[in-house]
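Colleague: I'm new to this one, so could you walk me through it? Let's put it on screen.

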Amino acid sequence: MSESDIILTVCSVINSSNFKTPRKRISINPNNIVTKSRRTEFIYARRLASVLLKHGQKKSFNKVGNSLGTDHATVLWSIRQFRDISEVETLPLEMLRAALDRLNTPCSVRSDIIINLWGTDNYTKYSKILIK
């Protein structure tokens, strides 16, 4: 799975997710992910892409930042926000599961993502959601 596959998959997942906007269908493309826009769907897309590139592809924070048009500190913050929000909301986990399914991600990579994001103490909780 290439970097561009991940970004296209993130766009597809966000476009088909449960975002609610008044009278407007969400439609994002890869260019939206690298913008500095603060629109909620773009933020979720960048967070999801950060998680997949960092933990799914094992890229450094700098390389992920370069791919997304930002710096390493913003990538680190995005991943922490994704982790923290996913502990209280289901939408980030649903989007991550959908992206992993569309990318045909093997269980070993899914396990690595769970351990890197939430640690071994929470492995059972998140593996029920993210591993087939």
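Colleague: How much area does the chain expose, and what share of it do carbon and sulfur atoms supply?

Modeller: This is a predicted model, where local features need pLDDT of at least 70, side-chain atom pairs count only at pLDDT 80 or more, and totals for chains, interfaces and linings use all residues. Residues are numbered from 1 along each chain as its sequence is written, and side-chain values use heavy atoms, leaving out hydrogens and water. By the Shrake-Rupley method with a 1.4 Å probe, the chain exposes about 7100 Å², and the carbon and sulfur share is 50%.

Colleague: What percentage of the 132 residues is buried?

Modeller: Buried here means under 20% relative accessible area, with a 1.4 Å probe and protein chains only. On that basis, the buried part of the chain's 132 residues comes to 47%.

Colleague: How many helices and how many strands does the chain have?

Modeller: Both are DSSP runs numbered from the N terminus: helices are H or I with at least four residues, strands E with at least two. Along the sequence the pattern reads α-α-α-α-α-α-α-α. The tally is eight helices and zero strands.

Colleague: Is Thr105 buried or exposed?

Modeller: Thr105 sits in the loop between helix H6 (91-102) and helix H7 (107-118). Its relative accessibility is 5%, so Thr105 counts as buried.

Colleague: And which residues is Thr105 in contact with, leaving aside its neighbours within four places in sequence?

Modeller: Contact means heavy atoms within 4.5 Å. With those neighbours set aside, the partners of Thr105 are Met1, Leu100 and Arg110.

Key. Buried < 20%, exposed > 50% of the residue type's maximum accessible area, 1.4 Å probe, protein only.
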